[in-house]
Amino acid sequence: MGRGHVPSGRRERAKKDKRERIMTAARELFAEHGVSGVTTQQIAERADVAIGTLYLYASTKAELLIMVQNEKFADAIDDGLTAANTVIGQGVLEPVVALVRPVVACIREQIENGRTYLHELVFGDPAEPYRRAGLALSARLEEGITGLLTRDESIGAADAATLARVITAIIHISTTATVYLHRSDEAVLADIRGQLHATLVPRHRAA
């Protein structure tokens, strides 16, 4: 074995360790200062890696933010689905609200970061791996809402999927629009609940 050879297992562990350090540094700095108040150089320094090494894992600050927020978004969806499945016998509105609650908290935990994250998912390159993963999470949220809506026999599968897209649009606007930034999470959630009620209840009256 040549002196310059590094066993593949050790190399993979080193790569994983660097990625975790970069993720931890980015998560901490974004939480402390917001995405606009942080540079990639600061993240590299806190992670104790060279800036060139950092760029092997994410080529831009936006990609670093997406990496961090994807993990939080995934956890929020998991928590929401778990909560929704405990709401039994209350129609579809309350389970959907239970699913939405941790998603709203996730997006608004650091409002600048949440707004930037959603903007990047909507307007960024969908082929970029981290954005693609974020869009897959958005699709999972829609699928979760769709599944809850189809519990109602009056809502067909196609309508449920369309309504889920409407609901995710409501979440997006209500959590990121500048005019709503001063509101508390509970106020935002109450507003979303009112919009969902207006969207879903007329279907029951028609049925």
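A cavity is a set of grid points where a 1.4 Å probe fits but cannot get out. The exercises below use that idea on a predicted model.

**Exercise 1. Describe the overall build of the protein chain.**

Solution.
- Start with the elements. The protein chain has nine helices and zero strands.
- Next, the outline. Its C-alpha atoms fill a box of roughly 75 × 40 × 30 Å along the principal axes.
- Then burial. Of the 207 residues, 39% are buried.
- Last, contact range. Take the contacts between residues at least 6 apart in sequence: 66% of them join residues at least 24 apart.

**Exercise 2. Follow helix α1 from its length to its cover.**

Solution.
- Helix α1 spans residues 8–33, which is 26 residues.
- From first C-alpha to last, α1 reaches 37 Å, close to the 38 Å expected at 1.5 Å a residue.
- After α1 comes G34, with a positive phi near 80 degrees.
- Now list the buried residues of α1: I22, M23, A25, A26, L29 and F30.
- The cover over these buried residues includes α2 (40–47), α3 (51–57), α4 (61–84) and α6 (111–123).

**Exercise 3. Place F30 in the largest nonpolar core.**

Solution.
- Begin with the general tendency. In soluble globular proteins, nonpolar side chains tend to be buried together.
- Here the largest nonpolar core holds 57 residues, and F30, I43 and L149 touch the most other members. Helix α5 (residues 93–108) gives this core its largest share, 10 residues.
- F30 is also one of the buried residues of α1.
- Set aside residues up to four places away in sequence. F30 then touches V35, V38, I43, K61, L64, L65, V68, Q110 and N113.
- I43 thus appears twice: as a partner of F30, and beside F30 among the residues that touch the most other core members.

**Exercise 4. Find the enclosed space and name its walls.**

Solution.
- Rolling a probe the size of a water molecule over the atoms shows where empty space is left.
- Searching the whole structure gives one cavity of 30 Å³ or more.
- The volume of the largest cavity is about 40 Å³.
- Its lining consists of Q69, K72, C106, I107, E109, Q110 and N113.
- Sort the lining by class: two nonpolar, three polar and two charged residues.
- By element, α4 and α5 each supply at least two lining residues.
- Two of these names return from Exercise 3: Q110 and N113 line the cavity, and F30 touches both.

**Exercise 5. Work out what surrounds the largest pocket.**

Solution.
- The largest pocket contains about 290 Å³ of space. Two or more lining residues come from each of α5, α6, α7 (129–149) and α8 (157–176).
- The largest share, five residues, belongs to α8.
- In total, 15 residues line the pocket, with L118, V122, S138, T168 and H172 nearest its centre.
- By class, the lining has 10 nonpolar, three polar and two charged residues.

**Exercise 6. Decide whether V87 is buried or exposed, then map its surroundings.**

Solution.
- Locate the residue first. V87 sits in the loop between α4 and α5.
- Apply the cut-off: buried means under 20% relative accessible area. V87 has 15% relative accessibility, so V87 counts as buried.
- Leave out neighbours within four places in sequence. V87 then contacts E94, P95, A98 and R151.
- Finally, check a distance. V87 and F123 are 36 residues apart in sequence and 35 Å apart in space, C-alpha to C-alpha.

Note on methods
Residues are numbered from 1 along each chain as its sequence is written. This is a predicted model: local features need pLDDT of at least 70, side-chain atom pairs count only at pLDDT 80 or more; totals for chains, interfaces and linings use all residues. Side-chain values use heavy atoms; hydrogens and water are left out. A nonpolar core is a set of buried Ala, Val, Leu, Ile, Met, Phe, Trp, Tyr and Cys residues joined through side-chain atoms within 4.5 Å. Buried means under 20% relative accessible area, exposed over 50%, partly exposed in between (1.4 Å probe, protein chains only). Helices (H or I, at least four residues) and strands (E, at least two) are DSSP runs, numbered from the N terminus. Contact means heavy atoms within 4.5 Å. The expected span of a helix is 1.5 Å times one less than its number of residues. On a 1 Å grid over the protein atoms alone, a cavity is a set of points where a 1.4 Å probe fits but cannot get out, and a pocket is an open set with protein on both sides within 12 Å along at least five of seven lines; lining residues have an atom within 4 Å of a point. Grid points are joined across faces, edges and corners, and a volume is the space filled by probe spheres set on the points. Ala, Val, Leu, Ile, Met, Phe, Trp, Tyr, Cys and Pro count as nonpolar, Asp, Glu, Lys and Arg as charged, and the others, Gly among them, as polar.
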